[in-house]
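Here are my notes on the model, set out as numbered points for you to follow alongside the sequence and the coordinates. I begin with the cysteines and then turn to the core and to one buried polar residue.

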Amino acid sequence: SNPFEVKVNRQKFDILGRKTKNDVGLPGVSRSKAIKKRNQTLLKEYKEREKTNVFKDKRFGEYNTKITPEEKMIRRFALERQQNYGKKNIYNLNEDEELTHYGQSLAEIEKLNDIVDSDSDTEEGGTLSAELTAAHFGGGGGLLRKKVPSEQQDEEEEKPKSRKELIEEMIAKSKQEKQERQTRRESALELTEKLDKDWKEIQTLIARKTPKSERKDKEVEKPKPDEYDMIVRELGFEMKAKPSERLKTEEELAKEEQARLQKLEADRLRRMRGIDEQANKKRPSHMSADDLADGFILDKDDRRLLSYKDGKINIENEEEKEKEEGEEEDNDDEEGSQEESASEDEEDDAADQHSDLESDHESEEEAAGNKEDEKHKANENESQNVEKLDPKSEAAESELPYTFAVPESYETFKSLLAGRTIEQQLIILERVQKCNHPSLAVGNKAKLEKLFGFLLEYIGELATLDLPELRTIDKLVLPLYNLCQMFPEAASDSIKFILRDAAHDLEEVIEVKGRATFPGLDTLIYLKIISLLFPTSDFWHPVVTPAFMYMSQLLTKCRITTLQDVIKGLFICCLFLEYVSLSRRFVPELINFLLGVLHISLPKNQAQGYTVVHPFTPVGKNLELLFVCDKEDLKSWEKQNVPLSIVTRLKETSKTEINHIRLSCLALCFDLIKKCAALYECLPSFHEIMHPVRILLTQHVPVSEYPEKMQEWYRSALKELENKVKHYTPLICEKKKPVPLKQYTPKIVKVLEFGRKQAGSKKEQERKQLIQRHKRELKGAIREIRKDNQFLARMQLSEIMERDSARKRKVKELLGSLATQEGEWKAMKRKKWKS
């Protein structure tokens with residue numbers, strides 16, 4: 001190495017304890033080490049960038065939890081068949097596919113060629129001996145042979161018993177066993193009676209009765225029981241805690257409910273078809289008159305158990321048991337009498353048949369007449385049975401079925417509820433949910449989600465009728481709520497779809513006509529249902545927030561032209577107050593609409609000290625919609641709630657009723673103003689918000705012309721507005737210190753000595769050290785990344801140069817070969833031309 005290129009790191013002063021590194025460094029050594037290291041690491045990774053050494057499990061459906069094991073095995077089997085029988089077996093039409101089971105061919109298994117072991121082969125060529133068959137397989141021979149003593153077994157052959165002898169032997173054995181049981185029972189009873197007598201004799205000797213005088217003394221001498229002893233005795237007689245039954249899961253409850261409904265439906269179908277339940281019961285076997293009841297065995301113990309209640313023998317239970325036994329015996333007697341009558345009929349028929357056989361002189365006409373009489377009697381009996389069962393079958397037909405399938409379309413859903421009362425409709429919907437619970441089958445969830453949409457559509461259809469069935473809709477909200485709790489996502493999607501359509505319709509009407517009208521009764525009912533199904537107090541909700549925006553658009557963009565519009569607007573105001581009752585969210589559209597309602601209840605030519613905002617106008621033909629000047633109607637008015645169904649039948653009402661409705665709307669407006677004042681009293685700008693309403697109430701409303709009840713509503717609303725105290729402090733500018741005048745004072749600036757570590761706390765020094773170390777590491781990392789990129793760029797450039805050089809060499813070779821071929825061709829051509 002050149003000595004002039006050697007770099008020496010010298011220190012001016014030697015410091016004890018300081019370690020120095022690389023005092024002497026040679027140029028290019030560190031660089032060669034870095035290049036060597038990059039060749040070993042970075043270059044190797046670059047060359048192996050497209051290679052993989054990771055084993056991937058490519059078996060079909062190995063990590064797919066959605067596929068069942070059976071489907072997985074079937075698909076794997078199909079893929080295996082496709083791989084084995086690919087293109088090479090396309091035209092092998094004559095060869096059948098060999099089926100296997102656990103690796104064995106099914107064709108060989110069906111042949112039943114069982115391989116016989118050499119050890120089990122007998123000398124007789126595979127035939128089994130009679131002893132072996134009797135020992136293992138039984139057979140008639142073993143039963144029909146008499147057991148002979150071992151001494152006579154060699155002399156005499158076993159003689160088979162006949163069937164009669166076997167039956168007689170079996171009867172004798174049963175009688176003997178019965179006799180033995182009876183003798184054991186009698187002996188046990190005799191012993192118990194003897195023991196009872198002996199005990200009574202001994203008891204008189206043991207028991208010694210004390211005289212009355214001694215008894216009194218003992219009674220006096222008895223100490224009173226202690227409180228602790230009394231509590232201990234009470235605790236001993238207390239009921240011990242019993243373990244409660246395990247709470248059943250939702251799936252178990254659904255299965256039990258489905259089983260119960262299926263059983264009830266089966267009973268209903270049986271009653272509807274007229275099938276008698278007692279006919280299906282097994283009747284006791286027929287007993288002949290010659291039966292000696294040899295096989296009778298007493299299974300139950302007829303002895304009675306004594307029971308005491310309040311120190312007396314409990315006789316009621318015994319009487320009840322006797323009554324039950326008597327009823328059972330009566331039923332048995334009835335069944336027995338029926339069987340006896342049937343047997344008598346059979347005997348009579350048999351006697352008639354024998355008499356017919358014996359009497360050869362009877363004419364054929366009489367026999368035919370007897371047959372016709374028998375047929376007539378049978379038809380009468382059948383007609384009587386049908387008449388008895390008809391009422392039951394009619395009642396079963398009139399009953400509702402207990403099991404229902406989920407309707408697949410809206411038409412089937414509508415036909416399912418058509419012609420039913422509201423109670424029956426609720427029962428049907430409840431049974432549909434219970435019979436098709438999501439835990440019972442795989443596809444039930446999707447079906448019940450469709451049912452929610454069908455029910456929503458049905459409610460909308462009921463609301464669009466000429467006479468809307470609001471009571472029915474009110475009852476149908478309960479099953480709708482249950483379905484919403486089961487499937488909240490599907491319910492929110494279906495309701496969002498309805499709101500989206502309603503908003504699009506509103507925008508289209510505004511674009512075409514420039515103004516919009518309030519929606520129908522079905523949309524208003526949907527808005528009411530939303531407040532019942534979903535939480536309205538959330539800051540943001542995927543269903544309630546769009547409904548909130550849609551209602552605010554209705555109150556601002558829909559013009560008020562008729563009394564129906566006023567009623568619908570007031571209904572939306574009530575919904576607004578219901579929505580914000582918990583969150584207390586401020587709704588400016590609500591206050592604006594109530595101000596407009598008060599405005600249209602005043603006469604036209606009146607000075608205004610307030611401003612009216614769209615959709616209300618200060619001047620126009622739609623004013624005085626709620627203004628009533630008829631004094632008789634004012635006197636006859638009574639406070640009543642405005643029904644929502646009156647929107648559809650407002651044209652049919654008389655003028656007096658319309659005036660009463662106007663006054664009811666005005667009273668409702670006063671009530672809503674009172675509720676708004678109670679709701680928004682904590683707002684800082686409450687008085688500024690309600691100032692126009694207060695001016696209109698105090699200066700413009702003709703209170704003296706209204707009836708007394710209306711005046712009471714007016715006073716309560718005005719009192720609610722005026723009695724509110726300010727719950728906030730007015731805004732005041734922040735107090736600041738006065739800026740002092742400039743004075744000629746020296747400006748002291750701290751001089752920093754750069755290059756030296758400034759004194760400070762330990763945490764500050766550690767923080768500065770960390771910042772400095774981070775900067776140093778960051779610079780080093782950036783430097784290394786740049787060098788790595790340069791190294792990779794050089795490697796890529798070298799690869800490109802090698803490829804280009806190889807390509808140029810091949811091109812030169814091709815051009816050279818082409819040039820030689822061209823020269824040879826020209827020489828041949830020249831020779832031909834010369835020749």
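1. The structure holds zero disulfides, and this statement, like the others below, refers to a predicted model.

2. Cysteine 574 shows why no bond is assigned there: the closest cysteine sulfur, in cysteine 573, lies 7.0 Å from the sulfur of cysteine 574, too far for a bond, given that a disulfide requires the two sulfur atoms to be within 2.5 Å.

3. The surroundings of the cysteines should be read residue by residue. Cysteine 574 counts as partly exposed, at 30% relative accessibility, whereas cysteine 558 is buried, with a relative accessible area of 0%.

4. The largest nonpolar core has 115 residues, and those with the most contacts inside it are Leu527 and Ile530. Helix α24, spanning residues 655-679, supplies the largest share of this core, namely 13 residues. At least three residues of the core come from each of domain 1 (400-486) and domain 2 (506-723).

5. For a closer look at isoleucine 530, residues up to four places away in sequence can be set aside; beyond these, isoleucine 530 touches Ile495, Leu499, Val543, Val544, Ala547 and Tyr579.

6. Is glutamine 711 buried or exposed? Glutamine 711, which has its place in helix α27 (residues 708-722), is buried because its relative accessible area is 15%, and the cut-off for buried is under 20%. Leaving aside neighbours within four places in sequence, glutamine 711 is in contact with Val703, Ser704 and Tyr706.

Note on methods: Residues numbered from 1 in each chain as written. Predicted model: local features only at pLDDT ≥ 70, side-chain atom pairs only at ≥ 80, totals over all residues. Heavy atoms only, no water. Core = buried A, V, L, I, M, F, W, Y, C linked by side-chain atoms within 4.5 Å. Buried < 20%, exposed > 50% of the residue type's maximum accessible area, 1.4 Å probe, protein only. Helix = DSSP H or I, 4+ residues; strand = E, 2+ residues; numbered from the N terminus. Domains from an automatic or database assignment. Contact = heavy atoms within 4.5 Å.
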